[in-house]
Amino acid sequence: MIKVVLIMVGSILRELRKSKNMTQEALASHLSAAKSTISQYENNINEPDNATLIKIANIFQVSTDYLLGRDVNKIPVEVYENCAFFESKKEKLNDDEAEFLKESLNLYRKMKEKYNRNSSKN
């Protein structure tokens, strides 16, 4: 069963890469990998680890299930960078806004953790 998954990942990866007119070198660059690594994936010599599989799915905007051959329907996956969701609406943020929200969220989480620790002591 594992061999079947490998064959699917290799052929699906090659199909996706070619459909985007992307070379193995370009994909390798996106993944910080060697061209030979991409060739090994596509020829079912080696398989991507989970983290790499997720990166590949993000690059081609498909689900990991699609890459693994578990879902024959190519499901586009939207990758969100520097976005915030308010009342079910997506809002694009500039770098300063994204950094501010990230820092604010980290501060909130630290304060909440401290509050929870103090509450549990009482």
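## A walk through the helices

Select Gly69 to begin: with a relative accessible area of 25%, Gly69 is partly exposed. On this scale, found with a 1.4 Å probe on protein chains only, buried means under 20% relative accessible area, exposed means over 50%, and partly exposed lies in between.

Before you go on, note that this is a predicted model, in which local features need pLDDT of at least 70 and side-chain atom pairs count only at pLDDT 80 or more, while totals for chains, interfaces and linings use all residues. Residues are numbered from 1 along each chain as its sequence is written, and side-chain values use heavy atoms, with hydrogens and water left out.

**Stop 1: around Gly69**

Gly69 sits in the loop between H5 and strand E1 (83-86). Helices here are DSSP runs of H or I with at least four residues, strands are runs of E with at least two, and both are numbered from the N terminus. Now add Met8 and Ile12 to your selection: Gly69 touches both, leaving aside residues up to four places away in sequence. Touching, or contact, means heavy atoms within 4.5 Å. The C-alpha atoms of Gly69 and Met8 are separated by 5.6 Å, although the two residues are 61 residues apart along the chain.

**Stop 2: the whole chain**

Zoom out and color by secondary structure. You will find 6 helices and 2 strands in the protein chain, and from the N terminus on the order is α-α-α-α-α-β-β-α. Of its 122 residues, 24% count as buried. Among contacts between residues at least 6 apart in sequence, 41% join residues at least 24 apart.

Next, color by pLDDT, the predictor's confidence in each residue, on a scale from 0 to 100. The chain averages 83, and 82% of the residues score at least 70. Select residues 1-6, where pLDDT stays under 50 and the model has 5 contacts beyond four places in sequence. Where pLDDT is low, the predicted coordinates should not be read in detail.

**Stop 3: Gly10 in helix H1**

Move to Gly10, which is placed in helix H1. Is Gly10 buried or exposed? Its relative accessible area is 0%, so Gly10 is buried. Show Tyr41, Glu42 and Asn44 as well, since Gly10 touches these three, not counting residues up to four places away in sequence. Asn43 is worth a click too: the C-alpha atoms of Gly10 and Asn43 are 5.9 Å apart, with their positions 33 residues apart along the chain.

**Stop 4: two loops with positive phi**

Stay with Asn44, in the loop between H3 and H4. Its phi is near 60°, a positive value in a residue other than glycine. Then select Asn21, in the loop between H1 and H2. Phi of Asn21 is near 50°, again positive in a residue other than glycine. Asn21 counts as exposed because its relative accessibility is 74%.

**Stop 5: where H2 meets H3**

Select residues 24-31 for helix H2 and residues 35-42 for helix H3: they pack at an angle of about 105°, with their axes 8 Å apart. That makes H2 roughly perpendicular to H3. The contact is made by Gln24, Glu25, Leu27, Ala28 and Leu31 of H2, together with Lys35, Ile38, Ser39 and Glu42 of H3. By class, this contact has 4 nonpolar, 2 polar and 3 charged residues.

A few terms help here. Axes are lines fitted to C-alpha atoms, for helices over the stretch in contact, and angles run from 0 to 180 degrees between N-to-C directions. Angles under 35 degrees count as roughly parallel, over 145 as roughly antiparallel, 65 to 115 as roughly perpendicular and the rest as oblique. As for classes, Ala, Val, Leu, Ile, Met, Phe, Trp, Tyr, Cys and Pro count as nonpolar, Asp, Glu, Lys and Arg as charged, and the others, Gly among them, as polar.

While in H2, click His30, which lies in this helix. At 52% relative accessibility, His30 counts as exposed. His30 touches Met22 and Ile59, residues up to four places away in sequence not being counted.

**Stop 6: the nonpolar core**

Finish with Leu16, Leu27, Phe60 and Leu67: these have the most contacts inside the largest nonpolar core, a group of 16 residues. H1 (2-19), H2, H3, H4 (50-60) and H5 (64-67) are the elements that give two or more residues to this core. Which element gives the largest share? The answer is H4, with 4 residues. A nonpolar core is a set of buried Ala, Val, Leu, Ile, Met, Phe, Trp, Tyr and Cys residues joined through side-chain atoms within 4.5 Å.
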